[in-house]
Amino acid sequence: MSRIYADARPGHSENLLARFPVVLALFNGAGGRMLLYRPGLPAEEAPPVPAVYQYLKALAHSTVAMHEIALRADADPAALAGFADTVEQGLTTLPDLVLDPQTARAATAVLVAVRAFLSTPRTPGSATTEELEDFGRSCAPHVVVLMEKAAAVQVNHWMSVLDQ
């Protein structure tokens, strides 16, 4: 059965694309891609999700990275220093983003919390459960704001593309 379906799929795909418009949505870490296939025309790719989506998503996920860093006894000091530099760069460039005040406060709060956690002297992997819980609690409400805003940017973008 699987082989029969696999052999038949190319013909069905060609037939479908030759007769009907098809929107193909592919989601990835960059917010996804959307392609429009119209009969007899080359595929059109929609504009990408605004870069602010990736920035907000990365900010929210930086808290997860901190948890991983805190638990790894074999954490590479150069990688930690690079992450710390990235956090500093994020704090420096944050005003360049056009964010509403609530999202800007949440982004700043997360970056400041990550910077504070990174700057606390400790040996890799030695963070206590209490330290991690405190860090998580301090970031959680801000991460919710960041993820809600990132999701809104992504969904609004794709709905606008589909409307067009």
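This section describes the fold, the helices and selected residues of a predicted model of one protein chain.

The mean pLDDT of the protein chain is 87, and 99% of its residues reach 70 or more. Confidence is not uniform along the chain: the lowest mean, 77, falls in helix H1 (residues 2-19), and the highest, 94, in H4. As a general caution, predicted coordinates should not be read in detail where pLDDT is low.

The secondary structure consists of 5 helices and 3 strands, and from the N terminus on the elements follow the order α-β-β-β-α-α-α-α. The radius of gyration of the protein chain is 22 Å, whereas the globule rule gives 15 Å for 164 residues; the chain is therefore more spread out than a compact globule. Along the principal axes, the C-alpha trace spans about 65 × 40 × 25 Å. Of the 164 residues, 26% count as buried. The accessible surface amounts to about 10500 Å², and carbon and sulfur atoms contribute 61% of that area. Among contacts with a separation of 6 or more, 61% join residues that lie 24 or more positions apart.

Helix H1 comprises 18 residues and reaches 25 Å from its first C-alpha to its last, close to the 26 Å expected at 1.5 Å a residue. A bend of about 40 degrees occurs in H1 at Arg-9, and a proline, Pro-10, follows within four residues. The number of buried residues in H1 is 0 out of 18, so this helix lies largely in the open. H1 is also the element in which confidence is lowest.

Helix H2 (residues 51-71) contains 21 residues, and its span of 30 Å from first to last C-alpha is close to the 30 Å expected at 1.5 Å a residue. H2 bends by about 30 degrees at Ser-62, a residue that is itself buried. The other buried positions of H2 are Val-52, Tyr-53, Leu-56, Leu-59, Ala-60, Thr-63, Met-66 and Ala-70. In an α-helix, residues three or four places apart point the same way, because there are 3.6 residues a turn. The buried residues of H2 pack against three helices, namely H3 (77-93), H4 (101-119) and H5 (129-163).

Three residues of H2 were examined individually. Ala-51, located in helix H2, has a relative accessibility of 60% and, being over the 50% cut-off, counts as exposed. The C-alpha atom of Ala-51 is separated by 8.9 Å from that of Gly-31, with the two positions 20 residues apart along the chain counted as their sequence separation. Thr-63, also assigned to helix H2, counts as buried at 13% relative accessibility. Beyond its neighbours within four places in sequence, Thr-63 is in contact with Val-110, Phe-135, Cys-139 and Val-143. Leu-71 lies in H2 as well and is partly exposed, with a relative accessible area of 49%. The C-alpha atoms of Leu-71 and Gly-125 are separated by 4.3 Å, although these residues are 54 residues apart along the chain. When residues up to four places away in sequence are not counted, Leu-71 touches Gly-125 and Leu-132.

Three positions in helix H5 were considered in the same way. Gly-136 lies in helix H5 and is partly exposed, with a relative accessible area of 33%. Gly-136 and Pro-47 are 89 residues apart in sequence and 35 Å apart in space, C-alpha to C-alpha. Glu-148, likewise placed in helix H5, is exposed, with a relative accessible area of 54%. The C-alpha atoms of Glu-148 and Val-114, which are 34 residues apart along the chain, are separated by 20 Å. His-157 is also found in helix H5; in contrast to the exposed Glu-148, His-157 is buried, with a relative accessible area of 13%. With neighbours within four places in sequence left aside, the contacts of His-157 are Pro-47, Pro-48, Val-49 and Pro-50. Pro-47 thus appears as a contact of His-157, while its C-alpha atom lies 35 Å from that of Gly-136.

Terms used: Residues numbered from 1 in each chain as written. Predicted model: local features only at pLDDT ≥ 70, side-chain atom pairs only at ≥ 80, totals over all residues. Heavy atoms only, no water. Helix = DSSP H or I, 4+ residues; strand = E, 2+ residues; numbered from the N terminus. Expected span 1.5 Å × (residues − 1). Bend = angle between axes of the 7 residues up to and from the residue. Buried < 20%, exposed > 50% of the residue type's maximum accessible area, 1.4 Å probe, protein only. Contact = heavy atoms within 4.5 Å. pLDDT = per-residue confidence, 0-100. Rg over C-alpha atoms; globule rule 2.2 N^0.38 Å. Areas by Shrake-Rupley, 256 points an atom, 1.4 Å probe, with all protein chains shown as cover.
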